[in-house]
Amino acid sequence: MVVCALRRQLLKSSSRCGPWTRLLQRQSSGCVYSSSDGFNHQEIREKLQAFPGGSIDLLKQDSGIAVLTINNPSRMNAFSGSMMVDLEEKVTQLENWTYGKGLIVCGAAETFCSGSDLNAVRAISNPQDGMKMCMFMQNALTRLLRLPLISVALVEGRALGGGAELTTACDFRVMASGSVVQFVHKHMGLVPGWGGAARLVRIVGSQNALKLLGGAVKVDPELGLHIGLSDGVLDAQQEGEGVGTLRQQAENWLSRYTKGPAPVIQAVKKVVLSGRELPLSEALRTEKDVFGTVWGGPANLQALASKPKHK
Ligand SMILES: CCCC(=O)SCCNC(=O)CCNC(=O)[C@H](O)C(C)(C)COP(=O)(O)OP(=O)(O)OC[C@H]1O[C@@H](n2cnc3c(N)ncnc32)[C@H](O)[C@@H]1OP(=O)(O)O
C-alpha cells in the first residue's frame, strides 16, 4: 500500500526522532496489512476495479467538517469493488487535510449502506479473493477510524452487513428515527470481515456484540442508545420544520465536539485514539508527545492571554 510504504520510508529516513515520528511509530496509524502479510495492494485494487458502479463522494467544507457520502442508490448504496478503491482514495485525501476537524459519513438517497454489492460478492466468492477484499477493507476502515478527525456515521434508512460494519469505523453514530443497523452476516453464512466485529466489541462490549451478531438483531434508535451503539437520535419527521435537514442536524450534533482550532481538535482525537488502541504506558507517552504539539501553541497562548474563567 502506497501510504503504508511512504509512512515506513518516512520513519526509516528520519534521523531526528521527533514527537510526531515517535507518535506514528507508536500508533502504527494506517494499515493493518502490508506485503509482509502477503497483501498485494495493487493486485487487489485491480481486481476490485473490475466491479464498477456507484461512487464515494467527499465534500470538504470551510467549517472543517467534511461529508463522505456512500453513493450507489440503485443498489441501496451497496459497496461495489470500485467504491472500495474510491473509499481508500478519499481516506488518503482526508489524512492530508490539514484544516480538518470533523467528518460525517452518510449514505445517498435517505439510506445508509446495504453492505457489499452481492453481485461482486458472487463473482469473488472463493476464499482467497474474499480474504483479499477483507484485508483491503480492513486497511481502509482502520485508516478511516484513525483519521485525526472526530467522525460520526449518520444512519438513515438501513445499515446492513458491511454497512453496519462501516458505522463502527466512526467515533460516533447518530441514528435517524426509523433507521436500522443490522449485522445480517449470519443470515449470509458469514461473520463480519471488515473489522466490524472487533470494533463492535469495543463499542458495546462482548455480551452485546454476541447478541447482535448471533441474533442478527435489528437495532433501532432506541435499542442503539440503550446498548451504546448509537450516540444520538435525529428526528427525520422534523426535517424542514426548523431543525434543518438530517445532514444539518448531524453537523450541529458534531459541531459541539469540533468547535475550536483544528490543531487542538486533532490533538483531542489523537490522545483518545492512542488511549483506545495502545497499552497504557504507550498511550501515556503518546499523550505527552501530543501535549507537546499544543502546549505553548497559538490557541494555548491566546487562551492564557485572555485570562479565562471556566464558569
Ligand atoms: C463483509 C461484508 C458482508 C456483506 O455486506 S454481505 C451483504 C449484506 N447485505 C445484504 O444482504 C442486503 C440484501 N438486500 C436487502 O436485504 C434488501 O435489498 C434491502 C436492502 C433491505 C432493501 O429492500 P427493498 O427496500 O425492498 O429494496 P430492494 O430489495 O428492491 O432493493 C433495491 C435494489 O437494490 C439492490 N440491492 C440491495 N442491496 C444490495 C446489495 N447488497 N448488493 C447488490 N444489490 C443490492 C436490490 O437487488 C434491488 O435491485 P433491483 O431493483 O432488483 O435491480
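1. Starting with the largest pocket: its lining is made up of 14 nonpolar, 11 polar and 1 charged residues. Keep in mind while reading that this is a predicted model.

2. On size, the largest pocket holds about 660 Å³ of space. There are 26 residues lining the largest pocket, and those closest to its centre are Ser116, Val121, Met133, Leu190 and Val191.

3. Which helix gives the largest share of that lining? H6 does, with 5 residues. Helix H5 (118-123), helix H6 (127-145) and H7 each put in at least two residues.

4. Now the ligand. Its surroundings count 18 residues, and the ones that come nearest are Ser74, Ser114, Ser116, Leu118 and Gly162. Ser116 is worth a second look: the residue is listed among the nearest to the ligand and also among the closest to the centre of the largest pocket.

5. As for class, the shell around the ligand splits into 7 nonpolar, 7 polar and 4 charged residues.

6. The backbone does some of the polar contacting here. A polar backbone atom of Ser114 sits 2.8 Å from a nitrogen atom of the ligand, and a backbone N or O atom of Leu118 is likewise 2.8 Å from a ligand nitrogen atom. With Gly162, a polar backbone atom lies 2.9 Å from an oxygen atom of the ligand.

7. How much of the ligand does the protein cover? On its own the ligand has 970 Å² of accessible area, and 59% of that is covered by the protein. Strand S5 (158-160) and helix H7 (162-167) are the elements that give two or more residues to the shell around the ligand; H7 also contributes to the lining of the largest pocket.

Definitions and conventions: Residues are numbered from 1 along each chain as its sequence is written. This is a predicted model: local features need pLDDT of at least 70, side-chain atom pairs count only at pLDDT 80 or more; totals for chains, interfaces and linings use all residues. Side-chain values use heavy atoms; hydrogens and water are left out. A residue is near a molecule or strand if one of its heavy atoms lies within 4 Å of it. A polar contact is a pair of N or O atoms within 3.5 Å; within protein, one must be able to donate a hydrogen and the other to accept it, and residues adjacent in sequence count only if both atoms are side-chain atoms. Accessible areas come from the Shrake-Rupley method with a 1.4 Å probe; for residues, only the protein chains shown count as cover. Helices (H or I, at least four residues) and strands (E, at least two) are DSSP runs, numbered from the N terminus. Ala, Val, Leu, Ile, Met, Phe, Trp, Tyr, Cys and Pro count as nonpolar, Asp, Glu, Lys and Arg as charged, and the others, Gly among them, as polar. On a 1 Å grid over the protein atoms alone, a cavity is a set of points where a 1.4 Å probe fits but cannot get out, and a pocket is an open set with protein on both sides within 12 Å along at least five of seven lines; lining residues have an atom within 4 Å of a point. Grid points are joined across faces, edges and corners, and a volume is the space filled by probe spheres set on the points.
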